[in-house]
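The exercises that follow are meant to be worked through with the sequence and the structure side by side. Please try each task before reading its solution.

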Amino acid sequence: MARARSVFVCQSCGGTHNRWNGKCEACGAWNTIVEEASAAPVAKGATVSVRGGRAVALEGLNGPTGEAPRLKCGIGEFDRVTGGGFVRGSAILLGGEPGIGKSTLLIQAAAALARAGHRVAYISGEEATAQIRMRAERLGLSDAPVELGAETNIEDILTTLSTGSIPKLVVIDSIQTMWTSAVDSAPGTVTQVRASAQALIRFAKTSGAAVILVGHVTKDGQIAGPRVVEHMVDAVLSFEGEQGHAFRVLRGQKNRFGPTDEIGVFSMTGRGLEDVANPSALFLSSRDSGAPGVAVFAGVEGTRPILVEIQALVAPSSLGTPRRAVVGWDSNRLSMVLAVLEAHAGLKLGGHDVYLNVAGGLRIQEPAADIAVAAALVSSFANAVLPSDSVFFGEVSLSGAVRPVAHSGLRMKEAARLGFTRAIAPAGSADKGDGALQLNGLNGLEALVADVAAR
Ligand code: TYD
Ligand code: MG
């Protein structure tokens, strides 16, 4: 028998190469190429025949859709992010850094569904059943009839799941530990992860079970190795948070059956993850009001307004190249706001270190935070305290103009509810808060800077 040819596969993007290289030509990542045995080499000269296959029945759009298509797990914040429950026959990838709480969230969801009378299987390739039991005991879930398995071989798992009635929910923790004997590569390599995910997704589609795959994420936020898996599944959720904080945010990144901009907020307690129904109150619970460099941003995540404190520190630098450090926001966006402040509002920030932090460990993605960031920066630079009864929102354009943002009514309503009296926001922002909030309309960044400097 001919020796199986080996290929060199990039563990970051899945690109294949004929020889080893320090850098992947496809995605530009360094040191990611690993030698793997080539999976089922196609015979030379083989072509796909038009006649060899089996005719499959095609169906119309208008037909039966089967049972109730969604399975609500009863954890409110989780159901909100999935768009109202797990869709039957769908595959979901849940990504997150190690230790963030993925296994905890999923054992809680599995237990809730099992208690509601559904058959649920939880397969762990990382922990022994005794360890999972210990966790369940600590969470007060020992009585839930979840079926546990500690197994990593896909063939064994699928055979087990296919005997008897098919589970409604299957959790695979994690996809990186799974392996199938159909391919030769080691567990954790792109080829193994892809083949295992493919088999599990096929199982979901044919059996109607909802399958959740856990995926570990590397430091730079990529689902380790199998970016390819993200394209194969129906939904990608990421579980985020700062290790030192109790808040955890579940974010929908891709969802074929629901919204992608929705977030769920949890707090990690001694008894597992708890829903946070009112995140603004939590994020503002320990405010630094009275100090310069602090602004409250009225944000919207999905359909939900979230108020959060933005903290900035601008200090003279002793370095040739001043430091720019950001936690919780996009560093490119910070560079842009700094450049606009310099070019259009005359702030000389070139010789200053700039630190920016979003309180509570939340990660903000909205450009609407520009104005709040600018206000915090100017406040720290001018050593002037911002009014503690004001919220800020609005987008800054490169010309120094302030642009209106979506959902201004929602933002103002939430601010009014939490006791704020003023919104510093783009001129003409619509108010749905029954006028409880006074609007200081901004046309340009200069006005904001002049206002803060005058304090
Ligand atoms: P885990 O779910 O094991 O993380 P992952 O599966 O994403 O790797 O969570 C582990 C962390 O959660 C660990 O640092 C301890 C913490 N934790 C609590 O604070 N309270 C709890 O009730 C549980 C079960 C875990
Ligand atoms: Mg885990």
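**Exercise 1. Establish which residues surround ligand 1 in this predicted model, and which elements supply them.**

Solution. Begin with the count: the shell around ligand 1 holds 15 residues, and the closest of them are Gly101, Lys102, Ser103, Thr104 and Gly272. Next, assign the shell to secondary structure, where α2 (102–115) and α3 (129–138) are the elements that give two or more residues. Of these, α2 provides the largest share, namely three residues. Finally, sort the shell by class, which gives four nonpolar, seven polar and four charged residues.

**Exercise 2. Compare the UniProt annotation "binding site" with the model, and decide whether Glu97 and Ser103 are buried or exposed.**

Solution. According to the unreviewed UniProt entry, the annotation covers Gly96, Glu97, Pro98, Gly99, Ile100, Gly101, Lys102 and Ser103. Among the residues closest to ligand 1 are Gly101, Lys102 and Ser103, and these three also appear in the annotated stretch. Now locate the two residues in question: Glu97 lies in the loop between β6 (91–96) and α2, whereas Ser103 belongs to helix α2 itself. Then apply the cut-offs, by which 20 or more other C-beta atoms within 10 Å make a residue buried and 12 or fewer make it exposed. Glu97 is partly exposed because it has 19 C-beta neighbours inside 10 Å, while Ser103 is buried because 23 other C-beta atoms lie within 10 Å.

**Exercise 3. Work out the order of the nine strands in the open sheet, explain why β8 and β14 stand at its edges, and place α2 relative to the sheet strands.**

Solution. Reading across the open sheet, the nine strands follow the order β8-β7-β9-β10-β6-β11-β12-β13-β14, and their pairing is mixed. β8 (147–150) and β14 (272–275) are the edge strands, because each has a single partner strand, so that one side of each is left without a neighbour in the sheet. Neighbouring strands of this sheet are turned against each other by 25° on average, direction ignored. For a look at one pair, take β6 and β11 (residues 235–240), which run parallel and are joined by five bridges; isoleucine 92 has alanine 235 as its bridge partner in β11. Strands of a sheet pair in general through backbone hydrogen bonds, either parallel or antiparallel. The last step is to add the helix: α2 lies across β6, β7 (120–124), β9 (169–173), β10 (210–216), β11 and β14, and runs at about 160° to β9.

**Exercise 4. Identify the buried residues of α10 and what covers them.**

Solution. In helix α10 (residues 408–417), the buried residues are Ser408, Arg411, Met412, Glu414, Ala415 and Ala416. Their cover includes α7 (279–283), β15 (294–301), β16 (304–316), β19 (390–392) and β22 (422–426). Just after α10, follow the backbone to glycine 419, where phi is positive at about 95°.

**Exercise 5. Determine whether threonine 206 is buried or exposed, and how its C-alpha atom stands to that of glycine 89.**

Solution. Threonine 206 is found in helix α5 (residues 190–207). It is exposed because 11 other C-beta atoms lie within 10 Å. Although threonine 206 and glycine 89 are 117 residues apart along the chain, their C-alpha atoms are separated by 7.2 Å.

Definitions and conventions:
Residues numbered from 1 in each chain as written. Chains lettered and ligands numbered in written order. Predicted model: local features only at pLDDT ≥ 70, side-chain atom pairs only at ≥ 80, totals over all residues. Near = placed C-beta within 6 Å. Helix = DSSP H or I, 4+ residues; strand = E, 2+ residues; numbered from the N terminus. Nonpolar A, V, L, I, M, F, W, Y, C, P; charged D, E, K, R; others polar. UniProt positions renumbered as here; feature names shortened; annotations may be inferred. Pairing = 2+ DSSP bridges. Axes fitted to C-alpha atoms, helices over the stretch in contact; angles between N-to-C directions. Contact = placed C-beta atoms within 7 Å.
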